[in-house]
Amino acid sequence: MNELENKIESRVMDNIKSGKVKLRSKYMFLAERLSLGSAVILSLLLAVLFFNLALFYLKASDNLGYLSFGSVGFFAFLESFPYLLVVSLIIFIFIAGFLFKKTDLAYHRPFGYLALGLLFFILLGGAALAFTDIAENIEQQSFESRSFGILFQPFLRQGMEDHQRGIVGRVVEIDDDYIVVQTTRAIEKVDLTSISDLDKNILKEGSIIIAIGQREGEIFKAVNLRAIDPSEMPMILRGIHRRFGPGKGSGASLPPGKVCIHQEFQPVSNTGFCQ
């Protein structure tokens, strides 16, 4: 046995001397472990953050509001769903799991249990962040193009885009057959002629409405509409405030021929007049 060990040792030493085998410092192994651990932690934190942003989006945007109309609001729900947030969340979960498999911990326990543990950590961490104002700060910084928040703008912008099947806005003008509303992007005309049982008492200047229907050119033809409490969709309301300013009637005094129907991101004065 000793003779065999001596032969192996002699062969290894010969390979080292000939350069076929290169020794690596223990500090290199330590650096690799630290970098791998850092990558796992970073991917986990990003997964937690994106899960929190997805929860925030669903709660603060108009997305879930369309489901209140029943099956007819389902397509509007799909249109405003935060696909980019959900896809990013799934990607970071897979990255965290893949990297975690390469750590020493993955060799000591079944990976199925570790995967469930990682998923539980992400869900619990994201839910815990929901009690903080991190998501609101990211939203504010992203749409004001401040700091690193601008990196998250593509993930939240879907809630501020024009939709073909749904609309949320602040009422600034009321007529028999239509209303004019301020949305996060423009002032738009909503046709009411397709709503047979509309209660006109819910329509007041300054109120927030949500409607489903179909966009036809620059006019949104609503088939159902209801007034909502502004606190139901705070992200949308903040978007309207950033675009037109807060308060009832900002833009209500737009004169004939000056309604900026569907002019996206154009400057608007404090009085609401087109510039």
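**A five-strand barrel and its helices**

Me: Where is S61 in this predicted model?
Reply: The model is predicted. Helix 2 covers 26-60 and helix 3 covers 74-79. S61 belongs to the loop between helix 2 and helix 3.

Me: Is S61 buried or exposed?
Reply: Buried means under 20% relative accessible area. The relative accessibility of S61 is 3%, so S61 counts as buried.

Me: Which residue has its backbone oxygen 2.6 Å from a polar atom of the S61 side chain?
Reply: Two backbone atoms can be named here. The backbone nitrogen of N63 lies 3.3 Å from a polar atom of the S61 side chain. The backbone oxygen at 2.6 Å belongs to Y57.

Me: Which residues does S61 touch, not counting those up to four places away in sequence?
Reply: Y57 and N63 supply the backbone atoms at 2.6 Å and 3.3 Å. Beyond four places in sequence, S61 touches F56, E232, M233, M235 and I236.

Me: What is the order of elements from the N terminus on?
Reply: The protein has eight helices and five strands. From the N terminus on, the order is α-α-α-α-α-α-α-β-β-β-β-β-α.

Me: In what order do the five strands close into a barrel?
Reply: Strand 1 and strand 2 run antiparallel, joined by four bridges. Strand 2 and strand 3 also run antiparallel, with five bridges. Strand 3 and strand 5 run parallel, with three bridges. The pairing is mixed, and the barrel order is 1-2-3-5-4.

Me: By what angle are neighbouring strands of this sheet turned against each other on average?
Reply: The five strands close into a barrel. With direction ignored, the average turn between neighbouring strands is 55°.

Me: Which strands does helix 8 touch?
Reply: Helix 8 spans residues 234-244 and packs on the sheet. Its direction makes about 50° with that of strand 1. The strands touched are strand 1, strand 2, strand 3 and strand 4.

Me: Which residue in strand 3 is the bridge partner of V180?
Reply: V180 is in strand 2, opposite E173. A hairpin of four residues joins strand 2 to strand 3. In strand 3, the bridge partner of V180 is K189.

Me: How many residues of strand 2 are buried?
Reply: Strand 2 has hairpins to strand 1, through three residues, and to strand 3, through four residues. Strand 2 is mostly covered. Of its five residues, the buried ones number four.

Me: Which helix gives the most to the largest nonpolar core?
Reply: This core has 29 residues; F50, L53, L85, I122 and F152 touch the most other members. Helix 2, helix 4, helix 5, helix 6 and helix 7 each supply at least two residues. With 12 residues, the top contributor is helix 2.

Me: Which residues is F152 in contact with, leaving aside neighbours within four places in sequence?
Reply: F152 is among the core members that touch the most others. Outside that sequence window, its contacts are L49, F50, L53, I138 and S142.

Me: How many residues are in the second, separate core?
Reply: Y66, F77, I228 and M233 are included in this second core. M233 is also one of the residues that S61 touches. The second core has 17 residues.

Me: What percentage of the exposed area do carbon and sulfur atoms supply?
Reply: Buried residues make up 39% of the 275 residues. The protein exposes about 15,800 Å². Carbon and sulfur atoms supply 61% of that area.

Note on methods: Residues are numbered from 1 along each chain as its sequence is written. This is a predicted model: local features need pLDDT of at least 70, side-chain atom pairs count only at pLDDT 80 or more; totals for chains, interfaces and linings use all residues. Side-chain values use heavy atoms; hydrogens and water are left out. Two strands pair if DSSP finds at least two bridges between them. Axes are lines fitted to C-alpha atoms, for helices over the stretch in contact, and angles run from 0 to 180 degrees between N-to-C directions. Contact means heavy atoms within 4.5 Å. Buried means under 20% relative accessible area, exposed over 50%, partly exposed in between (1.4 Å probe, protein chains only). A polar contact is a pair of N or O atoms within 3.5 Å; within protein, one must be able to donate a hydrogen and the other to accept it, and residues adjacent in sequence count only if both atoms are side-chain atoms. A nonpolar core is a set of buried Ala, Val, Leu, Ile, Met, Phe, Trp, Tyr and Cys residues joined through side-chain atoms within 4.5 Å. Accessible areas come from the Shrake-Rupley method with a 1.4 Å probe; for residues, only the protein chains shown count as cover.
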